[in-house]
Amino acid sequence: MLEEPYLTPLGSMDVPFAYVFDATGITDAQAQVLNNGKALQGDSEFILRRIVGMDNVVDTKANGGRFNFKNASGSYSIGSPAGSAGGVYRHANWVVIPEKKYPKNTQIVFDLFQTLRAFNVCGASPIYTAYIAFFGVKRFALEAAYRTDKTPYKYKEKKYTYAYSLTLNTAGPSPPLRQSQLIDNYDFELQRISISYANSPGSVGALVTDDFGMTLYDCNMHQTSDLPLNQSYINNGRPTWHTVGKYQGIWPVPTLVYPAGSAINFDITSWLCANQLPQLYNIALEGIWRVPC
Amino acid sequence: MSPSYLSNPYAPPSYIGLNNVSPEGWVDIDFTYPYDVVLQANQFLRDQSVSTTNDADFIARAIVIGFATGSFNIRWTDSQSMYLSNGMIASANLLGDASSPYPIFPELIIPAGGRIGIDIQDTSNGTNTIEILWRGVKRFRVGG
């Protein structure tokens, strides 16, 4: 069986993007909430490749948490078995194969059954982390795309990781807290983001809770998601060395290039309670240096 | 066509994108047929079926155990009632979950208005709520 590299349609360019549906405002314990819509931004068509986080929005499978979603045409993408409420039991990471195209100015419509929002316990005022992320790419015409891929010098590739130290000292839900990692020396291709606690007193080990949301920017300061992404949706770190995270997060896909002298900018939105502060994290921004040769 | 820029070596192919392999004159659209059942302890149901809709052929490419509260055995057939195994298969031998489905390779064509036949047996000795998903594509003819 041969595999060939993915080909985009002639004259087009893909930019990694995730549309995020904010379900923090829905009401829990509803038997069904039909025809929710996530409208596209209108600047491009969207190619959907996976849906992440249904388990943060509906109840457990045993309690009947289910979902379904629609094609751009309005037809359902999943059949509804006889006798069921509709759709299928929830999944943390639902892969869409083959990918689905949603044209400009359309929306991704989906149904939820037995709603139940995930939250961080903060006394009487929980902080909800109930977001659904639709991962894929925005597809632009080449002349309309804003992506930076080219390096203006001849180079060889060398693996490199920027280790970023993050200290969260703000209780959630907070406004976005801008973070910035300078790209020194050479152009850098970002392939992977891995986040853990910083192995300092009180902040040790893998990070599996949604302590914060993250919004990553490309080198031209375009967001790669329209709302913050739960850190667990993009965190490629493992809960243990032997197990893979349930969302199998990897971001950005395709990768992004940051020219030397630019910065990897990202916003952090705290979802921590005041009594959890401060927390220290280690963020590995892993990829490839483009070293002149 | 032009190559996708900067494929990510850490990402599985489904995240990066898979090329359109629809036959010329046809278009494949992702679709999933679910089968839900509640089995009583040790119950054995024979000749169950999932009917495919009349609008398009279904190309089955993977199985997902969407949910099961206990172990079970299963055997299934194509639309001509031809078994795809010579005996029951234990659920533990079907490895698929939603993010890494159990592949059906080569793919299996179920005609429009056809059926997937199922024999299924509880082996948990208790009430067993099960959902099995057949994942694949509906194959539509391109208009015009």
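**Exercise 1. A strand pair in chain B**

Find which residue is the bridge partner of B:Phe58 in strand 7 of chain B.

*Solution.*
Step 1. The model is predicted. In it, B:Phe58 has B:Ile110 as its bridge partner in strand 7 of chain B.
Step 2. Go from residues to strands. Strand 4 of chain B covers residues 57–68, and its pairing with strand 7 of chain B is antiparallel, over five bridges.
Step 3. Place the pair in its sheet. Four strands of chain B form an open, antiparallel sheet in the order 2-9-4-7.
Step 4. Mark the edges. Strand 2 (26–39) and strand 7 (102–110) of chain B each pair on one side only. From one strand to the next, the twist averages 25°.

**Exercise 2. Chain B as a whole**

State how many helices and strands chain B has, and in what pattern they follow along the sequence.

*Solution.*
Step 1. Count: chain B has one helix and nine strands.
Step 2. Order them along the sequence: β-α-β-β-β-β-β-β-β-β.
Step 3. Add the dimensions. The C-alpha trace of chain B spans about 55 × 40 × 25 Å along its principal axes.
Step 4. Add burial. Chain B has 144 residues, and 47% of them count as buried.
Step 5. Check the contact range. Take the contacts in chain B between residues at least 6 apart in sequence: 83% of these join residues at least 24 apart.

**Exercise 3. An open sheet in chain A**

Give the strand order of the four-strand open sheet in chain A, and say which residue stands opposite A:Phe67.

*Solution.*
Step 1. The order is 3-8-5-6, with antiparallel pairing.
Step 2. Strand 3 (32–39) and strand 6 (88–89) of chain A are at the edges; each has a single partner strand, so one side of each lacks a neighbour in the sheet.
Step 3. Look inside the sheet. Strand 5 (residues 66–69) and strand 8 (residues 107–113) of chain A pair over four bridges, in the antiparallel sense.
Step 4. Zoom in on one position. A:Leu112, in strand 8 of chain A, stands opposite A:Phe67.

**Exercise 4. The disulfide**

Which cysteines does the disulfide join, and which parts of chain A does the pair tie together?

*Solution.*
Step 1. Count over all chains: there is one disulfide.
Step 2. Name the partners. A:Cys122 is joined to A:Cys273, with an S to S distance of 1.7 Å.
Step 3. Read the handedness. The torsion about the S-S bond of A:Cys122 and A:Cys273 is about -100°, so this disulfide is left-handed.
Step 4. Locate both ends. A:Cys122 sits in the loop between strand 9 (119–120) and strand 10 (127–128) of chain A, and A:Cys273 in the loop between strand 18 (263–270) and strand 19 (279–292), so the pair ties together parts 151 residues apart in sequence.
Step 5. Test burial; the limit is under 20% relative accessible area. A:Cys122 is buried because its value is 19%. A:Cys273, at 5%, is buried as well.
Step 6. Try two further cysteines. A:Cys219 counts as buried at 18%. A:Cys293 counts as exposed at 57%.

**Exercise 5. Aromatic pairs**

Classify the ring pair of A:Tyr186 and A:Trp289, and say where each residue lies.

*Solution.*
Step 1. Set the scene: over all chains, the structure holds 22 aromatic pairs. One of them is A:Tyr153 with A:Tyr155, edge-to-face, at 6.4 Å centre to centre and 80° between the planes.
Step 2. Now take A:Tyr186 and A:Trp289. Their ring centres are 4.9 Å apart and their planes stand at 90°, so this pair is edge-to-face.
Step 3. Locate them. A:Tyr186 is in the loop between strand 13 (177–182) and strand 14 (187–197) of chain A, and A:Trp289 is in strand 19 of chain A, 103 residues apart.
Step 4. Compare accessibility. A:Tyr186 is partly exposed at 24%, whereas A:Trp289 is buried at 10%.
Step 5. Widen the view. Ring pairs link A:Tyr160, A:Tyr162, A:Tyr186, A:Phe188 and A:Trp289 into a cluster.

**Exercise 6. Nonpolar cores**

How many residues does the largest nonpolar core have, and which have the most contacts inside it?

*Solution.*
Step 1. The largest core has 42 residues.
Step 2. Those with the most contacts inside it include A:Phe135, A:Leu216, A:Ile264 and A:Phe266.
Step 3. Follow A:Leu216. Beyond its neighbours within four places in sequence, its contacts include A:Leu190, A:Trp251, A:Ile264 and A:Phe266.
Step 4. Look for another core. A second, separate one has 29 residues, among them A:Phe46, A:Val58, A:Phe67 and B:Val64.

Notes: Residues numbered from 1 in each chain as written. Chains lettered and ligands numbered in written order. Predicted model: local features only at pLDDT ≥ 70, side-chain atom pairs only at ≥ 80, totals over all residues. Heavy atoms only, no water. Core = buried A, V, L, I, M, F, W, Y, C linked by side-chain atoms within 4.5 Å. Buried < 20%, exposed > 50% of the residue type's maximum accessible area, 1.4 Å probe, protein only. Contact = heavy atoms within 4.5 Å. Disulfide = S-S within 2.5 Å. Helix = DSSP H or I, 4+ residues; strand = E, 2+ residues; numbered from the N terminus. Pairing = 2+ DSSP bridges. Axes fitted to C-alpha atoms, helices over the stretch in contact; angles between N-to-C directions. Phe/Tyr/Trp six-rings, centres within 6.5 Å; stacked < 30°, edge-to-face > 60°.
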